Structure formats: structure tokens, C-alpha cells
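Here's a quick tour of a protein chain for someone meeting it for the first time. Have a look at the sequence and the structure, then read on.

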Amino acid sequence: MTASKHDPDCVFCKIAAGQIPSKKVYEDDELYAFHDIHPWAPVHFMIIPKTHIASMAQVGPEHAPLLGRIMTLAPRLALEQGCQPYPEGGFRIVVNTGTVGGQEVHHLHVHVIGGPRPWARG
Ligand code: AMP
């Protein structure tokens, strides 16, 4: 397991700690999932590690189990949140990384986006 880190200036650390309100989708000892405040689509939530990792650019082999948990949780939560089943349905997973990658919040987060089209973006 990854040692837990908290950045007192990070909005997603504060959300994971319950210091800023959010619409929770899922929580366990390592992960937190919540609805995006500006959804692109009928289903749009994010899965974050509770430990502070700034982005995918900081990920190393020690994070493989944590990332594996996020990626295997995503399809389950997508269905629970109303995404239609594969293959006619499905969802999009997005991990914006760095300025060029369109990352605005510097705490690793995996967007899960789906539901009936049209979508506002994407
Ligand atoms: P990104 O561009 O990948 O860094 O996306 C950050 C996302 O976080 C954006 O889609 C925002 O709408 C979302 N966001 C920012 N602040 C909050 C918040 N307090 N609660 C929920 N979503 C947020």
C-alpha cells in the first residue's frame, strides 16, 4: 500500500477528507469518488486516491496496485451511476495530465463519463 500523503492546499485532498462538501459516489480506505461539479455528460464522476499524487506524471511502479484498484472500480461504479452496458453503452475514462493535457486540479483524478448522448463536451 502507498503511504498516505495530504497536501493542505489541495482541493481534492480536502474533498477526500470531508473538509469540502462533495456528492460522494464511493469511498474506501484508499479511494474516494464524487460527482464532477461541472459535468460533461449525464454521468460524470471522478475517482481519486486519498493520498496526494499530483498527476499521472508522478506515478511509479509502487502505485500499480492503487491504479489497478481505480481502473477496476471504474466500470462497476459507471454501471451503478447509470451508464448503459457495453457494447452499445459504455463510458469514457479520461486522465488529464499537466498543462498540455488540460489538467486543472493537481491531484490525480480519473474522470468517468457516460450516459445518453448528446454530451456537453467530449
Ligand atoms: P481536470 O481538468 O482533469 O483537472 O478536471 C478537474 C475537474 O474537477 C473539472 O472537471 C472540475 O469541474 C472538477 N472540479 C473542480 N472543483 C470541484 C469540486 N469542488 N467538486 C467537484 N468537482 C470539481
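Pro87 sits in the loop between helix 2 (64-80) and strand 4. In this predicted model, a cis peptide bond joins Tyr86 and Pro87, with omega at about 10°. There's another cis bond to find further along: Arg117 and Pro118 are joined by one, again with omega at about 10°. Pro118 belongs to the segment after strand 5 (110-114).

Let's move on to strand 4. Ile93 has its place there, in the run of residues 91-94. Is Ile93 buried, exposed or partly exposed? With a relative accessible area of 31%, Ile93 is partly exposed. Ile93 also teams up with Met71 and Phe91 in a nonpolar patch on the surface, and together the three have about 240 Å² of accessible area. A residue needs over 30% relative accessible area to join a patch, so Ile93, at 31%, passes that cut-off.

Arg92 lies in strand 4 too. Its relative accessible area is 34%, so Arg92 counts as partly exposed. Now try following the chain from Arg92 to Gly114: the two are 22 residues apart along the chain, and their C-alpha atoms are separated by 6.3 Å.

Here's another pair to look up, this time starting from helix 2, where Thr72 is found. Thr72 is exposed, with a relative accessible area of 58%. Thr72 and Val94 are 22 residues apart in sequence, and from C-alpha to C-alpha they are 14 Å apart in space.

Next up are the salt bridges. How many salt bridges does a search of the whole structure find? The search finds five. Here are some of them:

| Salt bridge | N to O distance |
|---|---|
| Glu27 and Lys24 | 2.9 Å |
| Lys50 and Glu27 | 2.8 Å |
| Glu80 and Arg76 | 3.2 Å |

Glu27 turns up in two of those rows, pairing with Lys24 and with Lys50. Lys50 lies in the loop between strand 3 and helix 2, while Glu27 is in strand 1 (residues 24-27), so this pair ties together parts that are 23 residues apart in sequence. Put the pieces together and you get a network of salt bridges linking Lys24, Glu27 and Lys50. Glu27 is partly exposed, at 34% relative accessibility.

The bridge between Glu80 and Arg76 is a bit of a different story. Both residues are in helix 2 and four residues apart, so about one helical turn separates them. Arg76 is partly exposed, with a relative accessible area of 44%.

Now for the pocket. How much space lies in the largest pocket? About 600 Å³. It's lined by 27 residues, and the ones closest to its centre are Asp36, Ile37, His38, Met46 and His111. Which elements give two or more residues to that lining? They are helix 1 (11-16), strand 2 (31-35) and strand 3 (43-49). Sorted by class, the lining of the largest pocket has 14 nonpolar, nine polar and four charged residues.

One of the residues closest to the pocket centre, His111, also appears in a pair with His35. From C-alpha to C-alpha, His35 and His111 are 9.4 Å apart in space, and they are 76 residues apart in sequence. His35 is found in strand 2. With a relative accessible area of 27%, His35 is partly exposed.

How values were computed
Residues numbered from 1 in each chain as written. Predicted model: local features only at pLDDT ≥ 70, side-chain atom pairs only at ≥ 80, totals over all residues. Heavy atoms only, no water. 1 Å grid on protein atoms, 1.4 Å probe; cavity = no way out; pocket = protein on both sides within 12 Å on 5 of 7 lines; lining within 4 Å. Points joined across faces, edges and corners; volume = space filled by probe spheres on them. Nonpolar A, V, L, I, M, F, W, Y, C, P; charged D, E, K, R; others polar. Patch = residues over 30% accessible without salt bridge, like charges linked within 9 Å, V, L, I, M, F, W, Y side chains within 5 Å. Areas by Shrake-Rupley, 256 points an atom, 1.4 Å probe, with all protein chains shown as cover. Salt bridge = Lys/Arg side-chain N within 4 Å of Asp/Glu carboxyl O. Buried < 20%, exposed > 50% of the residue type's maximum accessible area, 1.4 Å probe, protein only.
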